[in-house]
Amino acid sequence: SLPAPSPLSLTAWTLQDIPLDGKLPPLPPVADHQLSKAALTHSGLAAKPTDLSYEKLEWIGDAYIYLMSSALIFQTFPLLSTGRSVQLRERIVKNDTLRGYTLSYGLDKEASFPAEFDLQGRDGGTAASNKVKNKVLGDIFESYFAAIILGNSDGLEVATAFIKKLWATTLAYEIRKECNAQEAHRKQTDSETATTTRQEQNFKVELAKTIGGPSIKIDYKQLGETRSKVGGTPLYTMGVFLSGWGETGLQMGYGSGLSKKDAGQKAAAAALQNKKLLKRLVTVRTDFFKAVAAQKEQ
């Protein structure tokens, strides 16, 4: 049975997948000698008409390449349009690209084809057209790729790792651009999150520093809950209450948000904007600490 690729192995390309020297990854060997030979043999030169040849293996290899290329592009470029995704896939699976791989790895030198294909510079026979020759050279790579998968005990794993790195050399520019864009977005998001967190903390902390003191209680209580008109999401309203400095349960401000935490922070911010009330409470607080200090000096 044909092994099915695991989604765990078809993960997004990263910068580490692109070779620093720009060289192609090593071509994996095929342990099964018969499959290795069949992948590079034309049916016309097979010992028997029933023997396996490159045509059948090419058909299998083509299916794996199509699936793997689609999965890798989908994982790596999540925001890319369907049309652009198709264009990227075409770049790495088109016959010219696969033909280039065949020539780069020298598979054409090992192929056993009729003389008219002239794959090894041989003379004789009716010459095949350049279009047919180029098609065959691309097919040879697909055939050998299928042999890697079927001719090794861990063939699918080896083939997946190999093709992922091989295609990374072809799409190196696009992968770098996408990875850098995602990293820049992550840093921006982290920065915005950190800034928001600091701001949220400052509202409550600043209020506590401004009017806090011994036995002073600043409580945040829910005042209500409604549903937004758009989407029906909950909308919470929280109030901030002070007990101390001569006050009991004094509401200093309130705020609304999509969470109780957010609403509480907005209530604290509103309290900090109540300058008249804050001035009065700060005066009482200052007088208290002055009296305490004077007592200690006596």
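Is Asp262 buried, partly exposed or exposed, and what is its relative accessible area? In this predicted model, Asp262 is partly exposed, with a relative accessible area of 24%. This value lies above the 20% under which a residue would count as buried.

**Salt bridges of the model**

The count of salt bridges comes to seven. Three of the pairs are listed below, each with its N to O distance.

| Basic residue | Acidic residue | N to O distance |
|---|---|---|
| Arg186 | Glu183 | 2.6 Å |
| Arg280 | Glu247 | 3.0 Å |
| Lys266 | Asp262 | 3.5 Å |

**Pairs within one helix**

The partner of Asp262 is Lys266. Both belong to helix α9 (residues 260-273), where a spacing of four residues puts about one helical turn between them. Lys266 is likewise partly exposed, its relative accessible area being 41%.

Helix α8 (residues 172-211) holds both Arg186 and Glu183, which are three residues apart, or about one turn of the helix. Arg186 has a relative accessibility of 40% and therefore counts as partly exposed. Glu183, at 31% relative accessibility, also counts as partly exposed.

**A pair between a helix and a strand**

Arg280 forms its salt bridge with Glu247, and the closest N and O atoms are 3.0 Å apart. Because Arg280 lies in helix α10 (residues 275-297) and Glu247 in strand β3 (residues 247-257), this pair ties together parts that are 33 residues apart in sequence. Arg280 counts as partly exposed, at 39% relative accessibility.

**A network**

Salt bridges also link Asp17, Lys164 and Lys165 in a network.

Methods. Residues numbered from 1 in each chain as written. Predicted model: local features only at pLDDT ≥ 70, side-chain atom pairs only at ≥ 80, totals over all residues. Heavy atoms only, no water. Salt bridge = Lys/Arg side-chain N within 4 Å of Asp/Glu carboxyl O. Helix = DSSP H or I, 4+ residues; strand = E, 2+ residues; numbered from the N terminus. Buried < 20%, exposed > 50% of the residue type's maximum accessible area, 1.4 Å probe, protein only.
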